[in-house]
Protein chains: 2
Amino acid sequence: MTSKRRKPTIDMVARQSEVSKTTISRFLNGKYEYMSEETRNRIQRVVDELNYRPNNFARSLKSNRSGLIGVVVADIASPFSSILVKGIGDLCNERGYQIITTNTDEDPQKERDYLESLVGGEMVEGLIVNTTGMNDDLLSQLGHQGIPIILADRAMEHLEFDTITNDNYSMTRNALKHVVDSGFEHVAFFTQQIGRNSARRTRFEAYLDFFEFEPNTAPFVYELDTNDSQGVRKAIEHFRQRTNGRPAAIFAVNGVVSLAVLRSIAELGLHMPRDIGLCGYDDWEWATLVPPGITSIEQPSYEVGVEAAKRVIARIKGLKAKPKLIELPSTLRVRGSTKLK
Amino acid sequence: MTSKRRKPTIDMVARQSEVSKTTISRFLNGKYEYMSEETRNRIQRVVDELNYRPNNFARSLKSNRSGLIGVVVADIASPFSSILVKGIGDLCNERGYQIITTNTDEDPQKERDYLESLVGGEMVEGLIVNTTGMNDDLLSQLGHQGIPIILADRAMEHLEFDTITNDNYSMTRNALKHVVDSGFEHVAFFTQQIGRNSARRTRFEAYLDFFEFEPNTAPFVYELDTNDSQGVRKAIEHFRQRTNGRPAAIFAVNGVVSLAVLRSIAELGLHMPRDIGLCGYDDWEWATLVPPGITSIEQPSYEVGVEAAKRVIARIKGLKAKPKLIELPSTLRVRGSTKLK
DNA sequence: TTGTAGGCGTTATCAT
DNA sequence: ATGATAACGCCTACAA
C-alpha cells in the first residue's frame with residue numbers, strides 16, 4: 001500500500017518535460033503566453049501523469065501568502081458559533097481561502113495561546129475572533145504587527161478593529177417592549193457571568209436603560225451558573241416571590257441561559273406564560289415545539305460570519321479604512337411564552 | 001498603525017545576538033546542551049526583544065511537517081458535526097496540531113475539491129473525513145499516495161481506512177426492541193435519502209433484520225425530503241391509516257428527520273405516544289422539554305472525534321496496522337414518546 | 001561550544 | 001519562447 005514514492009516536485013516535472021523549472025512555474029501560474037502550444041501540452045501531460053501538485057509551503061515561503069485565515073471561537077459546539085463558522089467557511093472558500101478553526105472554550109489563556117500560535121509563524125493571513133473579551137491587549141498588539149483582525153459578534157472595549165455584531169442594544173429593547181406591552185409587569189434579567197463579554201454587557205445595558213434602573217439597584221438581575229440547576233430554580237422562585245403574583249417574565253441573555261431556565265421551569269412545574277413568561281436570545285428550530293412556543297430572538301449568525309470573512313479578506317487585500325462597527329439586524333420571534341392572553 | 005516592519009527572521013536574531021543562525025536554530029529547538037548559559041540568555045533576550053517567531057512555512061518546507069490536520073465534515077452546522085469537530089480540535093491541539101475545517105454540505109463535488117486541495121499541496125499531514133460516501137475512489141487514491149486518512153462516523157464500502165463510528169447496528173436493534181416491548185405493534189422507518197450514507201444504511205439494515213423484512217417489501221419505509229413538510233405530514237398520515245388504530249411508532253434515522261417528524265406531529269395535532277410513538281437518532285439537550293419527552297439515541301460524537309484524532313496522529317507518527325473499525329457505544333434515552341404505559 | 005554551507009520547492013529577475 | 005540563478009527562512013550535516 002501507501003506507496004512511499006516521494007511527491008513529485010517541479011524539478012521532476014521539468015526533467016520529464018525536458019524544459020526548465022522556470023517554464024513549469026510559468027505553466028503552473030497560467031502564464032501561457034510565454035510558451036509554445038506544444039510545450040504547454042507536453043507539460044500538461046507530464047503534470048497529469050505524475051499527478052503533480054505544487055507544494056504550498058514552498059509557495060507560501062516565497063510569496064508570504066498562506067491562503068489561510070485563522071478563526072478563534074469561544075465555543076464551536078454552540079449553534080451560534082457553528083453557524084458562524086459555516087458562514088465564514090463558505091465565503092472564504094469561495095474566495096480561495098481555507099480556515100483554521102480553534103476553540104477557546106471561553107478560556108482567555110487558550111485564546112492567547114491560539115492567537116499567538118496562529119499569527120506567530122506567519123501561519124495565517126488574517127484573523128476572525130469571537131473573543132472572550134479578556135485579551136484586548138494582545139489583540140491590539142497583534143493588530144499593530146500588521147495582521148488584519150476582525151471581531152465577530154463580540155466587540156472589544158474600544159473600536160480598534162472592524163466588528164460585526166447584531167443589533168443587541170435595540171433588539172433587546174424591542175423585546176423588552178414587547179414583553180411589557182404584552183402585560184408583564186416585571187421582567188427579570190437572567191444571565192451568565194457578564195464579565196467582559198460585550199454581547200452580554202450590551203444587552204444588560206439595554207435592559208437597565210429600558211427600565212431606567214440604576215446599575216446596582218436593579219431589582220431583578222440574576223447572574224448565574226447555568227450548570228447549577230438548583231441555583232437556577234432558586235433564582236426563578238426568588239423572582240416569583242418578589243413579584244408577588246403579578247405577571248412576571250424572564251429575559252434570558254443567551255441560548256444557554258434560556259435552556260437552563262426552560263429546564264428549571266419544567267422541573268418546578270410552572271406554566272408558561274401564566275406562572276412565568278420567557279423571552280430571550282437565541283432562536284432554535286425547536287422553539288415552536290416546547291409548549292407554548294418560546295419567544296426568542298434570532299441572530300443572523302451565518303451572515304455575521306459571511307460579513308466578517310468578507311471584511312477580513314478585504315483587509316488582507318489591502319483595504320485601508322477606519323475600523324467600523326457593523327450591526328446586522330436580528331429578528332424577534334413572538335410565540336406563546338410571552339402571550340399573556 | 002500597522003507597523004510595516006518586516007517580521008524578524010532567524011538571521012536578524014543571529015546578527016543581534018552575535019552568534020550564527022545555527023546556534024539560534026538550536027536554541028529554538030531547545031538544544032540547550034550545545035551552548036553556554038550566557039549565549040542562551042543573550043539569545044533569549046534578543047528573541048523577546050524582537051518578538052521573534054520562527055516562520056512555519058520555512059519549517060514545514062524543510063521538515064515536511066505542517067502540524068496541520070484536515071477535517072472534512074458534511075455539515076458543520078449540525079450538532080453532531082460541531083461536537084465531532086470539537087472533539088477533534090481538543091485532541092489535536094493537545095498534541096500540537098491545528099485543524100483546517102472544511103464543510104461539504106453533503107455535496108460530493110465539494111468534497112472532492114476540498115480533499116484535493118487539502119492534500120494537494122502537502123497542506124495537511126493527515127485527514128479526518130465524514131464522507132458523503134460518494135468519493136470512495138478518490139479517498140482510496142489519496143490513501144495510496146500515503147496520506148493517513150481516518151473516517152469519522154461514516155464508513156466506506158470497504159474497510160480501507162481506520163473508521164470510528166458508533167454501534168449503529170446493535171443500537172438500532174436495541175431501540176426497536178424497546179419500542180416493540182413497549183407495546184407498539186408497528187414501527188415505521190423514516191429516513192432521508194439513504195444513498196451511500198453508511199450510517200443510514202446500517203440503521204436501515206438493522207431495521208430490516210430486526211423485523212425480518214425483505215429489502216423491498218418492508219411495509220413502512222418512508223424516504224423523505226425533510227424540507228417538504230407536507231410530504232412528511234402525508235407520510236405520517238399514510239402510516240397511521242395503514243396501521244389502522246393499532247399502536248404505531250416511528251423510528252427516525254437521524255436528528256434532522258426526528259425534528260421534521262416532531263414538527264409534523266405537532267401540526268397534525270397528534271398526541272404522543274397515544275396517537276403515534278417516536279424514537280430515533282440524536283439526542284438533544286431539549287429532548288426532555290418537548291412533551292412527553294422524546295426517546296432518542298445519544299451518539300458519542302465528541303468521543304468519535306477524539307478517537308479519530310488520536311488515530312490519525314498515530315498514523316502520522318508512523319503506526320502501521322490493518323485498518324480497523326472502532327465502534328463506540330451510544331446510549332438509548334427512554335422518555336415519554338415511547339412509553340405506551 | 002559554535003560556525004559554514006547546502007538544500008527544502010517555488011518564484012522572480014535577468015539573460016539568451 | 002526558454003533558461004540559469006538567486007532568493008524566501010529554516011534546519012542539519014559536517015567542520016572547527
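A residue is counted as near a molecule or strand if one of its heavy atoms lies within 4 Å of it. The model is predicted, so that local features are reported only at pLDDT of at least 70 and side-chain atom pairs only at pLDDT 80 or more, while totals for chains, interfaces and linings use all residues. Residues are numbered from 1 along each chain as its sequence is written, chains are lettered from A and ligands numbered from 1 in the order in which they are written, and side-chain values use heavy atoms, with hydrogens and water left out.

By this criterion 27 residues surround DNA strand D, and Ser20(A), Arg26(A), Ile10(B), Tyr52(B) and Arg59(B) come nearest. Of the atoms of DNA strand D within 4 Å of the protein, 57% belong to sugar and phosphate. Polar contacts are pairs of N or O atoms within 3.5 Å; within protein, one atom must be able to donate a hydrogen and the other to accept it, and residues adjacent in sequence count only if both atoms are side-chain atoms. A polar backbone atom of Ser20(A) lies 2.6 Å from a phosphate oxygen of DNA strand D. In chain B, a polar backbone atom of Asn55(B) is 3.0 Å from a phosphate oxygen of this strand, and a polar side-chain atom of Ser25(B) is 3.3 Å from a phosphate oxygen.

Secondary structure elements are DSSP runs numbered from the N terminus, with helices (H or I) of at least four residues and strands (E) of at least two. The surface near DNA strand D receives at least two residues from each of α2 (21-28) and α4 (56-63) of chain A and α2 (21-28) and α4 of chain B. The most is given by α2(B), with four residues. For the residue classes, Ala, Val, Leu, Ile, Met, Phe, Trp, Tyr, Cys and Pro count as nonpolar, Asp, Glu, Lys and Arg as charged, and the others, Gly among them, as polar. The surface near DNA strand D comprises eight nonpolar, 10 polar and nine charged residues.

DNA strand C is surrounded by 28 residues, the closest being Ile10(A), Tyr52(A), Arg59(A), Thr22(B) and Arg26(B). Sugar or phosphate accounts for 53% of the atoms of DNA strand C within 4 Å of the protein, and bases for the rest. A polar backbone atom of Ile10(A) is placed 2.5 Å from a phosphate oxygen of DNA strand C, and a backbone N or O atom of Ser36(B) is 2.9 Å from a phosphate oxygen. A base oxygen of DNA strand C lies 3.4 Å from a polar side-chain atom of Lys62(A). Two or more residues of the surface near DNA strand C come from each of α2 and α4 of chain A and α2 and α4 of chain B. Here α2(A) gives the most, with four residues. By class, this surface has eight nonpolar, 10 polar and 10 charged residues.

Between the protein chains, 56 residues of chain B are in contact with 56 residues of chain A, contact meaning heavy atoms within 4.5 Å. The buried area, defined as the accessible area (1.4 Å probe) that two parts lose on being put together, summed over both, is about 5,000 Å², and carbon and sulfur atoms give 56% of it. Phe57(B), Gln98(B) and Leu289(B) supply 14% of the area that chain B buries against chain A, more than any other three residues. Chain B superposes on chain A with an RMSD of 0.2 Å after a rotation of 180 degrees and a shift of 0.1 Å along the axis, the relation of a two-fold axis. The superposition is by least squares on the C-alpha atoms of residues with pLDDT of at least 70 in both copies. The copies meet through the same surface, because 100% of the interface residues of chain B are also interface residues in chain A.

Seven salt bridges are counted between chain B and chain A, a salt bridge being a side-chain nitrogen of Lys or Arg within 4 Å of a carboxyl oxygen of Asp or Glu. One of them joins Lys86(B) to Asp105(A), at 3.1 Å from N to O. The interface also has 14 residue pairs in polar contact, both residues being at pLDDT 80 or more.
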